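Visitor: I should like to examine the pockets and the cysteines of this model. Please guide me through them in turn.

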Amino acid sequence: MKYTVLSLFPEIIDAYFASSIMAKAVSRGIVEYRPVNIRDFALDKHKTCDDAPYGGGAGMLMLPEPLGRALESVGARQRLAESAAAGSAGRSSGRVIYLSPGGRPFTQDLAVELAREEALILLCGRYEGIDQRIIDTYVDDEISVGDYVLSSGEVAALALIDATYRLVDRVITAESLEEESFSGGLLEYPQYTRPEVYGMLRVPELLLSGHHENIRRWRLRKRVEKTLALRPDLIRRGEEIDLFDGETRKLIQELGGEG
């Protein structure tokens, strides 16, 4: 997987790629990263990348010219019909994603889909956003990481990167991904480590028993309990698409779900 990140503040992204599991994935050649400073593509001496919006209103918008030059420098292609007639259209060197609160919601299913791509080109907005013509010309997907507004598209880009790179083959063992939150339509079960007693709380006795089948059933039950309590919408969705096996459906009914 190759991530190309276009930003006014690439140092925010740089720090992430130099840390923890991501740094190991980069050193092993599983993940590649290319930071692009949008200001490098502004032509005036002040490296101006924003201006007031037409029609008035508060805030500033990112200018289309630096953004367009930056995108084309990393292999993004114009998608408009008139661009095709001019001979500049074609397949981009990566799926171009603009992080925006107005985009479609980012989910685990979408993370799995994006993790299958060979390359992603991520465009980080600032201020009041970017000129719509850049979206119309270059962007394949607008994606929102939540129903709230961030001042930094870099934060949203990092959330997308973190959710996708860990799904790339050989970054994390497949076993570690099997029972995470959202896998199989359920949240993850509670987990415990040493010491056995912390304050007045003990690790559930069953987890110390070594009885693998009983532990498996306990974990599934806890997953269903937690999902019913905190995210009943996931249960409803799973029922609608017939996601759950017989054991899980029985637990949902037993614990008070719709079933």
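Visitor: Which element gives the largest share of the lining of the second largest pocket?
Guide: In this predicted model, the second largest pocket has a volume of about 270 Å³. Of its 20 lining residues, those closest to the centre are Leu99, Ser100, Pro101, Leu150 and Gly153. Two or more lining residues come from each of strand S5 (95–105), strand S7 (141–144) and helix H7 (153–165). The largest share, four residues, belongs to S5.

Visitor: How many residues of each class line the second largest pocket?
Guide: The classes in question are nonpolar, polar and charged. The lining of the second largest pocket holds two charged residues, eight polar and ten nonpolar.

Visitor: Which elements give two or more residues to the lining of the largest pocket?
Guide: The largest pocket has a volume of about 360 Å³. Among its 16 lining residues, Thr107, Gln108, Asp109, Phe182 and Leu234 are the closest to the centre. The elements that contribute two or more residues are helix H5 (108–115) and helix H10 (232–240).

Visitor: How many disulfides does the count come to?
Guide: A disulfide requires two cysteine sulfur atoms within 2.5 Å. For cysteine 49, the nearest cysteine sulfur is that of cysteine 124, 13 Å away, so cysteine 49 is in no disulfide. Cysteine 124 is likewise in none, its nearest cysteine sulfur being that of cysteine 49. The count is zero.

Visitor: Is cysteine 124 buried or exposed?
Guide: Buried means under 20% relative accessible area. Cysteine 49, at 2%, meets that limit. Cysteine 124 has 0% relative accessibility and therefore counts as buried.

Technical notes: Residues numbered from 1 in each chain as written. Predicted model: local features only at pLDDT ≥ 70, side-chain atom pairs only at ≥ 80, totals over all residues. Heavy atoms only, no water. Buried < 20%, exposed > 50% of the residue type's maximum accessible area, 1.4 Å probe, protein only. 1 Å grid on protein atoms, 1.4 Å probe; cavity = no way out; pocket = protein on both sides within 12 Å on 5 of 7 lines; lining within 4 Å. Points joined across faces, edges and corners; volume = space filled by probe spheres on them. Nonpolar A, V, L, I, M, F, W, Y, C, P; charged D, E, K, R; others polar.
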